[in-house]
Amino acid sequence: MVEEKKGLSSDFLKIIAFVTMIIDHTGLILKGVLPDYLYVACRVVGRLSFPIFAYCVVEGFVHTSNYKKYIIRMWVLAFISELPFNLMTSGKWLYDGGANVLFTFAVALLVLGVFKWAEDKGMKGRISAYAAMSVAIVGTYFLHTDYSWVGIIFIVVLYCLRNMPEYKYVCGSVIMWLNGSLYNLAAPLAFVPIYFCNGRKGRLTKWITYSIYPLHMLVLGLIREVVIYG
C-alpha cells in the first residue's frame with residue numbers, strides 16, 4: 001500500500017487562491033461602501049492569490065503532458081475573461097485601462113517554453129531565454145496587464161528556482177514587494193500554504209478551475225452596476 005503524502009493537495013491550494021481572490025475583488029467593488037479598515041483587509045488578504053496562482057501555473061507547465069494545449073487554454077480563457085474583468089473594474093464592457101492577469105500568465109508560459117527549450121542549448125539558449133523574458137516584460141508593461149512585468153519576473157524565478165525552495169521564497173518575496181503597493185507586504189504569506197503543498201493532484205477538473213475566474217468577475221461586475229451603482 002502506497003503511503004499518502006501529507007500536506008495540502010493542489011485542490012486545497014487553488015481553493016485558498018480563489019477565496020482570497022474573491023475577497024479581494026469584493027473589496028474592490030465595495031470601495032466607498034465598506035468601512036476603510038474592511039476595505040484594506042480585503043485588499044491585503046487578496047495579495048495571497050497571485051503568488052499561489054503563479055505557483056500553480058509553473059507547476060502546470062512543469063507537469064503538463066501537452067504544452068500546446070495548456071497554453072492555448074490559457075490564451076482563450078484570457079480573452080474570454082477580459083469583458084467580465086472590464087465590467088468589474090470599470091463598469092464598462094470595453095475598457096483600455098488594463099488587461100486581466102491571465103494575459104500575464106499566458107505570456108509567461110510562452111517565456112517558460114523558451115526557457116525549457118534553452119536548457120541544453122548553452123550560451124545561445126540563455127541569450128534567447130532572457131531576450132524572450134525582456135520582450136515579455138516590456139510587452140506586459142505597455143499593455144498594462146495585471147501584475148505586468150513583476151508577474152513575468154516572479155513566474156520565471158519560481159520556475160528557475162523550483163528545486164531551491166529557500167532561494168525561491170526569498171527572491172519571490174522581494175519581487176512581490178516590487179509591485180509598488182503596501183498591500184503586497186502581505187504577499188509572501190502565500191508561500192506558507194505553498195510550502196505545505198504535497199504536489200498531489202486534486203479532483204477539481206480544469207474546467208471548474210478555469211470557469212471560476214471569469215464567472216466570479218461577471219457576477220461581481222453585475223452586482224457593482226445593478227446593486228451598488230444602479
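Colleague: Let's start with Phe105: buried or exposed?
Modeller: This is a predicted model, so everything here is computed from its atoms. Burial means under 20% relative accessible area. Phe105 has 3% relative accessibility, so the residue counts as buried.

Colleague: How many aromatic pairs are there, and which kind do Phe50 and Phe105 form?
Modeller: Ring centres within 6.5 Å make a pair, and planes under 30 degrees apart make that pair stacked. By this rule the count comes to 16 aromatic pairs. For Phe50 and Phe105, the centres are 5.6 Å apart and the planes differ by 15°, and the pair is stacked.

Colleague: Good to know! How many residues apart are Phe50 and Phe105?
Modeller: Phe50 belongs to helix H3 (residues 49-63), while Phe105 belongs to helix H5 (residues 101-118). The pair thus links distant parts of the chain. Phe50, like its partner, has a low value against the 20% cut-off: 3% relative accessibility, so Phe50 counts as buried. Along the chain, the separation of Phe50 and Phe105 is 55 residues.

Colleague: Why is the pair of Tyr195 and Phe196 given its class, and what is that class?
Modeller: Planes over 60 degrees apart count as edge-to-face. The ring centres of Tyr195 and Phe196 are 5.1 Å apart and their planes stand at 85°, so the pair is edge-to-face.

Colleague: And which of Tyr195 and Phe196 counts as exposed?
Modeller: The upper cut-off is 50%, with the partly exposed class between it and 20%. Phe196 has 49% relative accessibility, so Phe196 counts as partly exposed. At 54%, the residue that counts as exposed is Tyr195.

Colleague: Which residues do ring pairs link into a cluster?
Modeller: The stacked rings of Phe50 and Phe105 belong to this cluster, and so do Tyr195 and Phe196, because ring pairs link them. The full membership is Phe50, Phe105, Tyr147, Phe154, Tyr169, Phe191, Tyr195 and Phe196.

Colleague: Tyr147 is in that list, so what is its phi?
Modeller: Most residues other than glycine have a negative phi. Tyr147 lies in the loop between helix H6 (122-143) and helix H7 (148-160), and is buried, with a relative accessible area of 10%. Although Tyr147 is not a glycine, its phi is positive, at about 70°.

Colleague: What about the phi of Ser148?
Modeller: Ser148 lies in helix H7 and, with 12% relative accessibility, counts as buried. Ser148 is not a glycine either, yet it has a positive phi of about 25°.

Colleague: How are H6 and H7 oriented to each other: roughly parallel or roughly antiparallel?
Modeller: Two packed helices are described by the angle between their axes and the distance between the axes. The axes of H6 and H7 come within 7 Å and cross at roughly 150°. Angles over 145 degrees fall in one class, and H6 and H7 are therefore roughly antiparallel.

Colleague: How many of the residues in the contact of H6 with H7 are charged?
Modeller: On the H6 side are Met133, Ala136, Ile137, Thr140 and Tyr141, and they meet Ser148, Trp149, Ile152, Ile153 and Val156 of H7. These residues divide into eight nonpolar and two polar, and the number of charged ones is none.

Colleague: Which residue lies over the face of Tyr159?
Modeller: Tyr159 is found in helix H7 and is buried, with a relative accessible area of 4%. Its contacts, leaving aside neighbours within four places in sequence, are Val58, Phe61, Val62, Leu112, Phe115, Lys116 and Glu119. At 4.1 Å from the ring centre, the residue over the face of Tyr159 is Arg162.

Colleague: How far is the charged end of Lys116 from the ring centre of Phe61?
Modeller: Both Lys116 and Phe61 are among the contacts of Tyr159. The charged end of Lys116 also sits over the ring of Phe61, and its distance from the centre is 5.7 Å.

Colleague: Last one: which residues does His25 contact beyond its neighbours within four places in sequence?
Modeller: His25 lies in helix H1 (residues 10-29). Its relative accessible area is 10%, so His25 is buried. Beyond those neighbours, His25 is in contact with Met88, His216, Met217 and Leu220.

Methods: Residues numbered from 1 in each chain as written. Predicted model: local features only at pLDDT ≥ 70, side-chain atom pairs only at ≥ 80, totals over all residues. Heavy atoms only, no water. Phe/Tyr/Trp six-rings, centres within 6.5 Å; stacked < 30°, edge-to-face > 60°. Helix = DSSP H or I, 4+ residues; strand = E, 2+ residues; numbered from the N terminus. Buried < 20%, exposed > 50% of the residue type's maximum accessible area, 1.4 Å probe, protein only. Lys NZ or Arg CZ within 6 Å of the ring centre and 35° of its normal. Contact = heavy atoms within 4.5 Å. Axes fitted to C-alpha atoms, helices over the stretch in contact; angles between N-to-C directions. Parallel < 35°, antiparallel > 145°, perpendicular 65-115°, else oblique. Nonpolar A, V, L, I, M, F, W, Y, C, P; charged D, E, K, R; others polar.
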